[in-house]
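The exercises below concern enclosed space in a protein model and the residues that line it. Work through each task before reading its solution.

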Amino acid sequence: MRRSFPFGLNPSISTNTLASVLRALLIPRAISVHSSPMSTQSFQLRLNPLTGESEWVVITEEENERDNNDKNPSSSKSLLAHTSYLDMLNDSYRNRAYRRAIEAAITRPCHVIDIGAGTGLLSMMAARAMASVGGEKEGRVSACESYLPMVKLVRRVLRENGMENKVKLFLKRSDEIRVGCELDSRADLMVSEILDSELLGEGLIPTLQHAHDELLVPNPNMIPYRAITYGQLVESTFLRKLCDLHNQEISASDGIQLSPVITQNLISLKPKQYAMQCDALSSEIKLLSEPFKVFEFDFWKRPESNREAEITVQATNEGTVHAIISWWVLQLDEAGSIFYSTAPKWISSQYITNSLPGTDWCDHWKQCVWFIHDTGLPTLRGKNVSIRASHNDISISYDTTPEVNKDNSSILKWYEERIITLLPERIGLYGDGNWRLAFITAIRNALNRRSSPLCVVADDSVFLTVLLSSLSESSNVIAFFPGLKDNGTQYIKAVSSSNGFSSDRVRVLESKVSSFAMFEKKIEILVGEPFYYGNEGMLPWQNLRFWRERSLLDLALAEDALVVPCKGILKICAMSLPDLWRSRCSLRDVEGFDHSSVNQTLGACGNLPEMQQGPCLAFYLWQCGEIEKLSQVYQLMDFNISKPIHSCLGKLQMKFLKPGLCHGFAIWIDWVLDEMSSNIVSTGPDSRYWKQGVQLLSVPQPVNSTTAYYAEVEASFDHLTGELSIKSSFS
């Protein structure tokens, strides 16, 4: 799991200065401050999704009742409930592999260091193994964890398992620890799990480099011992849509060009690997090669920061390479008998060093996708495809440009021309013909009812800004671009001529709506997708920020102003979600250690005590393993965006279409763009471009389709906090 990396600052430093320092250093938004020799505080930057404002909350080292209050923004529960720690601890295949490797490695008293301790599971495994070989007095286990809310949790877990005196815990990054200061001696064995889906993204290489230089004996034991990354060439229409906006727009042929020239990379993906549950695409992917080895990382020796590899891959099918799907295999022990793989399930064991993918679906480690830009790379069966793979400290990248077309300066220029980087799902959405048509129809209808209107784009939608400007020569357009800021301005200038308007007609304010109350004339058309740059992974109703901002502009709106979308409809559907429910289930015994005290803090949903309910979480449901709808889709609540924001209540009785085991509810918003034409954009599970909200049940409920069986669902929306609460009962 991704860890935060606090650093020490003067406790009297101002909040503005703290924010400036964080932006300058480009590090995760958590800071530790030692306010006294015996106490540590951590400042956590927390986003209020309804306002778009960031606020600092203070986390203290001492445990108190506030830590168990989920409404307290600085509580550990509030900060950790939406992480993947719980999913990781529910991965029994992973836990068992680490336990076996630790028990095999500790055959005598030694010094073990656990870097990135999490809940302390690996440290406790090491301490228990040490005791089994009579090393309780001579052996030592040191653990470091830099994120204060996690440190508070691991202390609780250690205490409840009688391990508080067997594991020495440091609230520090590993590169802040020194032998002769915190540590009495160098460690003989290092255990760690600082791996993400790409392998390197949590800082694995610099962590290992420092450990080998400063913390470990020569030729130390390491768990994991080695990792190998693999790749495979694939053809996929869906994956192509997530990276090729230019050709999607040609197919749409609606006159709007966000990516007008294929040689100009004005709006695109950032060149990187993207984590994705590729098993969900297995039926629609065409494999174009056998798996191939990319890089091998030997943890037992100091790794290099940068390497390149020239790889020749023979195509096994004719087709077009749209992406490289990659995964990794861990060898946890030196003997080579314990493995863990993140390979997709279509991979046979011969390509993953005799290991098998985990039998249970899990969300903390996925496969990765490297997109081939433009239209992809055509290939023939038996033809060799040349790939240049490279890695730095935190990522692996690929270059598939044919040698005859390879011009480093032109490739570099192609990337440098990029003004806006978007996630793959947003690229796919902007190229979707149905989505575009819905907005084009709604905006055209709105413009037909107004003469020379003042139009305001309240969010970060460059699509709506271009659309308004190109459909009406007489309209005046103001765009806020609260997240894109100057990048939005530069982008509009770059694409204006291709879309038939002058950029002078668009005024970009590069600020939040709350900064303005009045304009030169009344706003006649107010629009938003809604889309707020940088907040794409939020729960669906957190985009009701658009409703709040419409309310802030209330005095500036004309009496008959048109608002697009004019309404949001909260939709709900009962779901069978066995894989997701299992991964978010509450913990008890994890490889012999009691973890029941972490459930509330880590946002457990399943098998909770009576009357307790886990948090509502955001997921791409189509990637959540086995899923099935058990009811029709119901309308739970309306948000009338044409009026100022207010709290809302909803209640319904839900009947079931088929028998099954209900694990929870999928919740999303359908946006009504124009009530006259009933243009609706749905963000539900039938679309792959949005995350849905998921409220899991503590105990799955068997349901059937008889008329006497139903569920009652109640929902309330708090317009002051933006929070939505869901309660359900079955009858």
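Two terms are needed at the outset: a lining residue has an atom within 4 Å of a point of the cavity, and a helix is a DSSP run of H or I with at least four residues, numbered from the N terminus. The model is predicted.

**Exercise 1.** Determine how many cavities of 30 Å³ or more the whole structure holds, and how much space lies in the largest cavity.

*Solution.* The search of the whole structure returns 4 cavities of 30 Å³ or more. Turning to volume, the largest cavity holds about 300 Å³ of space, and the second largest has about 80 Å³.

**Exercise 2.** Describe the lining of the largest cavity, by residue, by element and by residue class.

*Solution.* Begin with the residues: 22 line this cavity, and those nearest its centre are Arg426, Glu536, Asn543, Tyr689 and Trp690. Next, assign elements: α11 (424-430) and β35 (660-674) each supply at least two lining residues, with α11 giving the most, namely 3 residues. Finally, sort by class, which yields 14 nonpolar, 3 polar and 5 charged residues.

**Exercise 3.** Which element gives the most to the lining of the second largest cavity, and how does that lining divide by class?

*Solution.* The lining comprises 14 residues, and Met88, Arg94, Ala117, Gly118 and Thr119 lie nearest the centre of the cavity. Two or more of the lining residues come from each of α3 (85-89) and α5 (121-132), and α3 gives the most, with 3 residues. Divided by class, the lining has 6 nonpolar, 4 polar and 4 charged residues.

Notes:
Residues numbered from 1 in each chain as written. Predicted model: local features only at pLDDT ≥ 70, side-chain atom pairs only at ≥ 80, totals over all residues. Heavy atoms only, no water. 1 Å grid on protein atoms, 1.4 Å probe; cavity = no way out; pocket = protein on both sides within 12 Å on 5 of 7 lines; lining within 4 Å. Points joined across faces, edges and corners; volume = space filled by probe spheres on them. Nonpolar A, V, L, I, M, F, W, Y, C, P; charged D, E, K, R; others polar.
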